[in-house]
Amino acid sequence: MKTYLVTGGAGFIGANYIHYLFEKYDDIHVYNLDKLTYAGNPENLKEFENNPNYTFIKGDICDPEFVGPLVAKSDIVVNFAAESHVDRSIGAPDDFIRTDVFGAFVLLESARKHGVEKFIQISTDEVYGSIEKGSFVETDPLMPSSPYSASKSGADRLAFSYYVTYDLPIIISRCSNNYGPYQYPEKLISLFITNAFENKQLPVYGDGKNVRDWIYVWDHCNAVDFIIHNGQNGEIYNIGGGNERTNLEITEFILKALDKPHSLIKFVTDRPGHDRRYSLDCTKLKNMGWKPEFNLETALQATVNWYREHQAWWKKIKSGEYLEYYKSHYGKSL
Ligand code: NAD
Ligand code: TYD
């Protein structure tokens with residue numbers, strides 16, 4: 001019986017990861033520690049509410065009193081908890097520094113105090129910054145350019161320092177852009193699918209030619225599981241989907257899948273400091289025997305279908321808090 005402490009498990013990737021764990025393993029207990037910020041939604045894990053092997057704890061990773069006892073009873077810590085949206089980090093960086101850096105520090109300190117079998121720090125490809133040509137390898141320097149990616153870089157390097165200094169069994173993953181079920185409708189794919197359903201405009205930043213490498217969230221979960229069992233302590237693993245597309249290509253795919261007109265596209269003022277292209281060289285993980293299973297077109301179509309079948313889930317979110325945020329941030333309604 002392995003005990004997992006999953007932080008941020010009520011968010012997009014964390015929730016998918018908990019679904020993944022229970023689909024794959026019988027002999028586990030999962031503690032899900034989540035503060036339930038705007039992005040955390042217990043509905044994402046409704047089916048586990050009565051599962052004796054699942055415990056949800058509402059709490060903040062920045063609170064050592066809270067974190068300590070949970071780390072003490074866990075074998076494997078997977079830290080997904082973060083403020084995760086670049087646009088929000090531009091408007092209000094404070095929470096990013098607090099949760100993404102200080103929260104990671106509190107978790108690492110607890111792990112040092114109580115000992116763990118494995119500590120996975122979920123980092124991101126954004127820590128490398130933008131690349132015009134070629135792809136980043138794990139040893140490339142970090143050049144983050146948003147308060148979000150800078151705070152994730154801080155946690156990434158702090159985690160590494162706990163391996164070097166205290167010999168903690170740390171592994172760092174740097175994954176590319178995820179898409180799939182349960183993604184809060186503020187990121188490119190989830191926002192554009194849900195906007196298109198409602199015949200609302202799709203706000204494409206700048207010229208729409210920025211490139212991201214898209215990975216289906218299930219492949220990310222699978223890669224995290226793979227590195228827990230096959231990775232080496234102190235190592236960094238790039239996790240990419242191998243699907244680089246411009247934002248316009250993604251937008252056009254969504255419009256086609258929903259049979260919606262191009263006139264929904266609205267080019268809007270570019271994001272400040274907008275990274276042009278992210279690209280990962282994933283040879284290291286490939287040589288260990290891991291590769292993504294999902295093809296972009298098939299999984300993106302499945303994602304569109306999921307949002308079609310779960311309209312109550314996202315309509316509840318979009319009818320309230322997000323609209324207020326968008327209006328106050330951009331001075332206009334969606
Ligand atoms: P998300 O915003 O959907 O979820 C974050 C979760 O963390 C939420 O449930 C929120 O309530 C919780 N949380 C926030 N602050 C907390 C705190 N102080 N204490 C406890 N819980 C807190 O984010 P996501 O897209 O699921 O991303 C999860 C992780 O994966 C993040 O660390 C992110 O940097 C990383 N990541 C994301 C992507 C992506 O494409 N979304 C890609 C690579 C890496
Ligand atoms: P996003 O989903 O916010 O992820 P990240 O910035 O972390 O990569 O954005 C993905 C790309 O889509 C990025 O180039 C910004 C762009 N984008 C838009 O053009 N319009 C939008 O409304 C959003 C949210 C993103």
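This is a short dialogue about two ligand sites and a small sheet in a predicted model.

Trainee: Let's start with ligand 1. Which residues come nearest to it?

Mentor: To read a binding site, begin with the neighbours. Here 29 residues sit around ligand 1, and Ile13, Asp34, Ser84, Tyr148 and Lys152 come nearest. By class, that shell has 12 nonpolar, 12 polar and 5 charged residues.

Trainee: Which helices and strands each supply at least two residues of that shell?

Mentor: Helix H1 (12-24), strand S5 (118-124), helix H5 (147-166) and strand S7 (177-179) do. S5 gives the most, with 3 residues.

Trainee: And how do I read polar contacts? What lies 2.6 Å from an oxygen atom of ligand 1?

Mentor: Look for pairs of N or O atoms within 3.5 Å. In this site, an N or O atom in the side chain of Tyr148 is 2.6 Å from a ligand 1 oxygen. The backbone joins in as well: an N or O backbone atom of Phe12 lies 3.1 Å from an oxygen atom of ligand 1, and for Leu36 the distance is 3.4 Å. As for cover, ligand 1 taken alone exposes 840 Å², and the protein buries 97% of that.

Trainee: You mentioned S7. What is the strand order in its sheet?

Mentor: For a sheet, read the order and then the edges. This one is an open sheet of 3 strands, ordered S7-S9-S11, with mixed pairing. S7 and strand S11 (244-246) each have a single partner strand, so one side of each has no neighbour in the sheet. On average, neighbouring strands are turned by 50° against each other, direction ignored.

Trainee: How many bridges join S7 to S9, and do they run parallel or antiparallel?

Mentor: 3 bridges join S7 to strand S9 (residues 211-216), and the two run parallel. For example, Tyr179 has Tyr216 in S9 as its bridge partner. Then check which helices pack there: helix H10 (residues 296-309) touches S7, S9 and S11, and its direction makes about 50° with that of S7. Helix H8 (residues 247-257) lies across S9 and S11, at about 85° to S11.

Trainee: Now ligand 2. How many residues surround it?

Mentor: Same reading, new site. There are 18, the closest being Glu126, Pro203, Arg212, Arg271 and His274. An N or O atom in the side chain of Glu126 is 2.5 Å from an oxygen atom of ligand 2, while a polar side-chain atom of Arg212 lies 2.7 Å from a ligand 2 oxygen. A polar backbone atom of Pro203 is 2.7 Å from a nitrogen atom of ligand 2. The protein covers 97% of the 510 Å² of accessible area that ligand 2 has on its own.

Terms used. Residues are numbered from 1 along each chain as its sequence is written. Chains are lettered from A and ligands numbered from 1 in the order in which they are written. This is a predicted model: local features need pLDDT of at least 70, side-chain atom pairs count only at pLDDT 80 or more; totals for chains, interfaces and linings use all residues. Side-chain values use heavy atoms; hydrogens and water are left out. A residue is near a molecule or strand if one of its heavy atoms lies within 4 Å of it. A polar contact is a pair of N or O atoms within 3.5 Å; within protein, one must be able to donate a hydrogen and the other to accept it, and residues adjacent in sequence count only if both atoms are side-chain atoms. Accessible areas come from the Shrake-Rupley method with a 1.4 Å probe; for residues, only the protein chains shown count as cover. Helices (H or I, at least four residues) and strands (E, at least two) are DSSP runs, numbered from the N terminus. Ala, Val, Leu, Ile, Met, Phe, Trp, Tyr, Cys and Pro count as nonpolar, Asp, Glu, Lys and Arg as charged, and the others, Gly among them, as polar. Two strands pair if DSSP finds at least two bridges between them. Axes are lines fitted to C-alpha atoms, for helices over the stretch in contact, and angles run from 0 to 180 degrees between N-to-C directions. Contact means heavy atoms within 4.5 Å.
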